[in-house]
Amino acid sequence: MKAEATVDIAVFERGSENLWRTCYRKFLHNGLGMFGAAISLAIGLIALVAPLIAPYDPIQVEPDKIFELRSWSHWLGTDELGRDLLSRLIYGARISFFVGLVAVIFKTVIGTTIGLITGYFEGFIDHLLMRCLDVLYAFPRTLLALLILAIVGPSIPALIFVIGLGGIPQFARIVRGAVLSAKQNEYVVAARSLGSTSARILWRYLLPNVLAPILILSSLSLARAITAEASLSFLGLGIDPTLPTWGGMLRAGGPYLRLHPHVAIFPGLLIMLAVLGFNAMGDAVRDILDPRMLSRVRGGRTT
Amino acid sequence: MLAYLMHRLAQLIPVLIGCSLVVFLALQFLPGDAAQAFLGEREFNQEDYQAMREYLGLDEPLYVQYYKYLRNVLQGDFGRSVRTHEQVLSAILERIPASLTLAAASLIVALVIGIPSGILSAVKPYSRLDQGSMIGALLGVSVPNFWLALMLILVFSLYLDWLPASGRGSPPDVKHLVLPAIVLGSAYAATICRLTRSCMLEVLGHDFVRTARAKGLVEFLVINKHALRNALIPVVTEIGISIVGLIEGSTVIEVVFAWPGIARMAFQAAQYRDYPMLQGCVLIVAFLFVLVNLVVDALYYYLDPRIKFAGAANEG
């Protein structure tokens with residue numbers, strides 16, 4: 001019995017490996033997707049090696065260099081406290097990227113777990129969890145973030161929590177739907193009759209089957225999470241304003257818009273470039289993995 | 001139809017109760033307690049503090065507190081603002097017209113740009129026009145709206161001095177509405193353009209479109225009369241979702257343009273730790289959100305009778 005089951009898994013895994021390889025090859029031939037991946041990778045790399053490439057200390061105030069325009073010593077000029085804009089932008093990538101990435105991981109893990117459990121077990125637990133998610137879904141994301149941040153105070157973990165929280169229902173619903181249909185497959189029925197535990201069925205058979213929608217959603221969520229972080233920092237609800245974040249830099253540049261627009265222009269351009277990159281990559285992933293989903297995933301709210 | 005609506009309404013009750021419970025319980029996580037928070041930054045003595053505790057009923061068990069909160073909310077009593085001392089509900093009702101005006105104007109911008117460009121893209125797929133509008137749509141969803149707002153203010157208000165940069169004007173006028181509506185509408189225009197394109201492409205491949213063409217109908221009529229109507233069903237849902245999204249997603253825009261709407265009021269309440277006001281704003285917008293979702297579902301059901309209860313069953 002056991003031997004048969006193992007053979008079954010091997011066949012299945014070989015099949016899925018080929019599928020992923022085909023998708024990977026398709027991605028390599030998708031111009032917009034590669035463009036997006038290149039931008040995302042570049043920003044990720046900049047975030048990683050920020051201390052090595054930033055020409056100045058991003059929080060060092062230099063009162064005699066306030067609002068300097070572009071020059072050989074300060075490529076993008078300086079801000080209202082004489083801090084080097086380029087260095088702040090480079091360090092800003094760290095926080096934006098980190099918060100965005102961890103928030104997406106947070107919502108993916110929690111949303112997928114809830115989706116798997118509710119889809120597989122159904123019944124009471126399904127009803128209970130889905131009703132809880134309905135409540136969460138009913139809340140307008142930005143306002144819920146305002147409420148939570150006003151109560152617990154701004155910090156990086158709080159920021160990650162509020163950005164991740166809003167996306168959980170969407171993940172859970174899509175994964176639940178996928179599990180509901182995947183668990184009707186014969187190999188799941190076979191695994192169950194061979195005595196596999198629920199945990200094993202969920203982990204080995206159902207999770208690989210719902211990976212495609214999870215991947216699509218999380219790649220599209222990254223752009224949204226980075227925008228959300230930038231918005232909250234722009235509103236002054238992010239983290240300590242002395243730390244460089246793209247949204248926080250835009251906020252600081254706002255009052256000096258007329259006379260020193262460069263302080264607000266560059267952070268915004270960089271946010272747009274990052275979001276564009278992640279969006280292009282996410283679109284390509286979606287088109288390759290599931291052309292039928294098209295804009296359905298996009299249909300959700302933007303923050 | 002009526003049975004379906006009643007069914008959906010019944011489903012909403014636990015959601016609404018859940019929302020009120022979350023908003024009520026959120027305050028339990030305050031450092032210190034609600035009485036301290038409600039007294040705010042002012043200096044207060046032990047008597048004030050005790051009086052506030054009594055007024056808020058903090059000495060009673062949690063479930064009694066929640067029962068009283070729910071009872072008050074159902075009677076329209078959301079408490080008073082800690083900062084301005086006005087009734088929360090009346091303050092919110094005062095701001096709703098401004099938010100709705102902005103949402104409606106943004107929606108018009110989104111539809112006027114989004115639907116025609118989506119149709120044109122779908123009619124000539126993979127053409128230059130299509131590629132151009134798809135890149136435009138990608139830019140539209142990627143540009144951070146608060147940055148776009150600042151850039152438009154920079155050009156049209158500060159440099160050219162054509163349009164006002166903040167407020168709603170007194171009395172409210174259209175000029176003040178232009179910039180915020182364009183900024184807020186542009187992102188939705190991009191979403192609607194993409195959705196219209198994909199739905200149109202799908203519909204254009206159907207048999208009834210081929211039949212319409214085969215019987216010699218002018219292409220304009222085929223597109224606008226036969227295909228568009230069918231393609232617009234998902235777009236209508238998106239529009240429904242957008243309306244509430246436009247109200248709550250406008251927080252940053254209302255703040256940048258100092259637009260006197262409900263989202264800006266919630267933001268100010270968060271800034272000044274005005275918890276009753278913040279609770280009221282969140283709860284009322286959540287209620288609105290749930291109701292609009294219901295209307296969208298009903299509309300969807302009405303537009304596409306094939307759906308029947310399948311939609312409700314899928315939602316789980």
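Here is a short chat about a predicted model, its chain A and the contact between chains A and B.

In this predicted model, local features need pLDDT of at least 70 and side-chain atom pairs count only at pLDDT 80 or more, while totals for chains, interfaces and linings use all residues. Residues are numbered from 1 along each chain as its sequence is written, and chains are lettered from A and ligands numbered from 1 in the order in which they are written.

Biologist: How many helices does chain A have?

Modeller: Helices (H or I, at least four residues) and strands (E, at least two) are DSSP runs, numbered from the N terminus. Chain A has zero strands, and its helices number 13.

Biologist: Why does the span of helix α8 of chain A agree with the expected value?

Modeller: The expected span is 1.5 Å times one less than the number of residues. Helix α8 of chain A has 15 residues (168-182), so it should span 21 Å, and its end C-alpha atoms are indeed apart by 21 Å.

Biologist: How many residues of α8(A) are buried?

Modeller: A residue is buried if 20 or more other C-beta atoms, placed from the backbone, lie within 10 Å of its own. F171(A) and V175(A) are among the buried ones. α8(A) is mostly covered, and of its 15 residues the buried ones number 11.

Biologist: Which element gives the most to the side of chain B that touches chain A?

Modeller: Two residues are in contact if their C-beta atoms, placed from the backbone, lie within 7 Å. By that rule, 46 residues of chain B are in contact with 44 residues of chain A. With seven residues, the element that gives the most to this side of chain B is α13(B).

Methods. Buried ≥ 20, exposed ≤ 12 C-beta atoms within 10 Å, placed from the backbone.
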